Amino acid sequence: MIRVFLLDDHEVVRRGLVDLLQAGGDIEVVGESGSAQEAARRIPALRPDVAVLDARLPDGNGIDVCRDVRAVDSSIKGLILTSYEDDEALFAAIMAGASGYVLKQIRGTDLVDAVRRVASGQSLLDPAVTQRVLERIRNGVEQPRELASLTDQERRILEFVAEGLTNREIAGRMFLAEKTVKNYVSSLLAKLGLERRTQAAVLATRLLGDHPSHQGNH
């Protein structure tokens with residue numbers, strides 16, 4: 001059985017999703033919540049295979065919940081449910097280590113399929129877009145001020161984070177203690193201003209924007 005946790009602030013939506021997901025017989029909804037803070041607390045204890053997380057909630061957002069949960073238990077896969085397809089949400093989802101994000105307008109059968117695929121270890125994030133984020137980080141194209149402030153070590157860690165690696169996996173690649181990586185990640189998120197959604201939006205737009213740019217060698 002695939003164990004799923006649902007985070008959505010609309011009870012009607014949650015009820016519909018529970019029925020939809022459990023109809024196939026191979027998925028069990030082990031918990032649900034309408035609060036970001038409650039979900040961040042409960043999900044690690046319930047240890048679902050997949051957490052389906054609404055991007056926008058009255059007391060926070062599913063992307064932050066995804067980051068917090070995966071910091072505690074990287075085996076839990078995050079699937080972001082959003083009403084808007086935009087670069088900001090995608091960039092933030094990549095940064096939070098989500099396995100994918102799906103639009104709320106998705107057909108029910110497609111959502112069930114997405115949960116199954118994420119549970120099996122697949123990523124639903126568009127590789128081309130992920131690659132674009134990585135190239136911006138690596139090449140410092142039209143480098144945002146925040147990105148220029150990162151050390152080489154922080155930039156390498158940011159690349160790994162954007163590739164979806166967990167702190168533990170990054171620690172293994174860089175021969176560092178997991179706690180050290182966690183400190184680096186906290187530091188670079190703070191430098192990038194990613195604790196504030198508005199700054200994340202500005203940064204993501206500048207990182208992902210398709211306007212002409214000059215190659216910078218910072």
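This is a quick tour of three helix pairs, one pocket and two unusual backbone spots. The model is a predicted one, so read everything below with that in mind. The helix pairs are α2 with α3, α9 with α10, and α1 with α5. The largest pocket ties some of this together, since α3, α9 and α10 each give two or more residues to its lining.

**α2 against α3**

- Helix α2 covers residues 36–46 and helix α3 covers residues 62–72; their axes come within 9 Å and cross at roughly 20°.
- Angles under 35 degrees count as roughly parallel, and α2 and α3 are therefore roughly parallel to each other.
- As for handedness, α2 and α3 make a right-handed crossing.
- On the α2 side you'll find Ala36, Ala39, Ala40, Ile43 and Pro44, and they meet Val65, Val69 and Val72 of α3.
- Sorted by class, that α2–α3 contact comes out as eight nonpolar residues, with no polar and no charged ones.

**α9 against α10**

- Here the axes of α9 and α10 sit 8 Å apart, and the helices pack at an angle of about 110°.
- That angle makes α9 roughly perpendicular to α10.
- The crossing of α9 past α10 is right-handed.
- From α9, the contact uses Asn167, Arg168, Ile170 and Ala171, while α10 brings Glu178, Val181, Lys182 and Val185.
- The class split for α9 with α10 is four nonpolar, one polar and three charged residues.
- In the loop between α9 and α10 sits Phe175, which has a positive phi of about 55° despite not being a glycine.

**α1 against α5**

- Helix α1 (residues 11–22) and helix α5 (residues 108–119) have axes 10 Å apart and pack at an angle of about 70°.
- The range for roughly perpendicular is 65 to 115 degrees, and α1 and α5 are therefore roughly perpendicular to each other.
- α1 passes α5 with a right-handed crossing.
- Leucines do the work on the α1 side, namely Leu17, Leu20 and Leu21, and they face Gly108, Leu111, Val112 and Val115 of α5.
- By class, the α1–α5 contact has six nonpolar residues, one polar and no charged ones.

**The largest pocket**

- Its volume is about 450 Å³.
- The lining of the largest pocket takes in 22 residues, and those nearest the centre are Arg67, Arg70, Ala71, Asn167 and Val185.
- The elements giving two or more residues to that lining are α3, α9 (167–174) and α10 (178–192).
- The lining is a mixed bag: eight nonpolar, seven polar and seven charged residues.
- Two residues nearest the pocket centre, Asn167 and Val185, also turn up in the contact of α9 with α10.

**Arg67 up close**

- Arg67, one of the residues nearest the pocket centre, lies in helix α3.
- Neighbours within four places in sequence aside, Arg67 is in contact with Met95, Ala96 and Leu189.
- Arg67 and Ala92 are 25 residues apart in sequence, yet their C-alpha atoms are 9.6 Å apart in space.

**Another positive phi**

- Arg47 is not a glycine either, but has a positive phi of about 50°.
- You'll find Arg47 in the loop between α2 and β3 (50–54).

Note on methods. Residues are numbered from 1 along each chain as its sequence is written. This is a predicted model: local features need pLDDT of at least 70, side-chain atom pairs count only at pLDDT 80 or more; totals for chains, interfaces and linings use all residues. Side-chain values use heavy atoms; hydrogens and water are left out. Axes are lines fitted to C-alpha atoms, for helices over the stretch in contact, and angles run from 0 to 180 degrees between N-to-C directions. Helices (H or I, at least four residues) and strands (E, at least two) are DSSP runs, numbered from the N terminus. Angles under 35 degrees count as roughly parallel, over 145 as roughly antiparallel, 65 to 115 as roughly perpendicular and the rest as oblique. A crossing is left-handed if the near helix is turned anticlockwise from the far one by less than a right angle, and right-handed if clockwise. Contact means heavy atoms within 4.5 Å. Ala, Val, Leu, Ile, Met, Phe, Trp, Tyr, Cys and Pro count as nonpolar, Asp, Glu, Lys and Arg as charged, and the others, Gly among them, as polar. On a 1 Å grid over the protein atoms alone, a cavity is a set of points where a 1.4 Å probe fits but cannot get out, and a pocket is an open set with protein on both sides within 12 Å along at least five of seven lines; lining residues have an atom within 4 Å of a point. Grid points are joined across faces, edges and corners, and a volume is the space filled by probe spheres set on the points.
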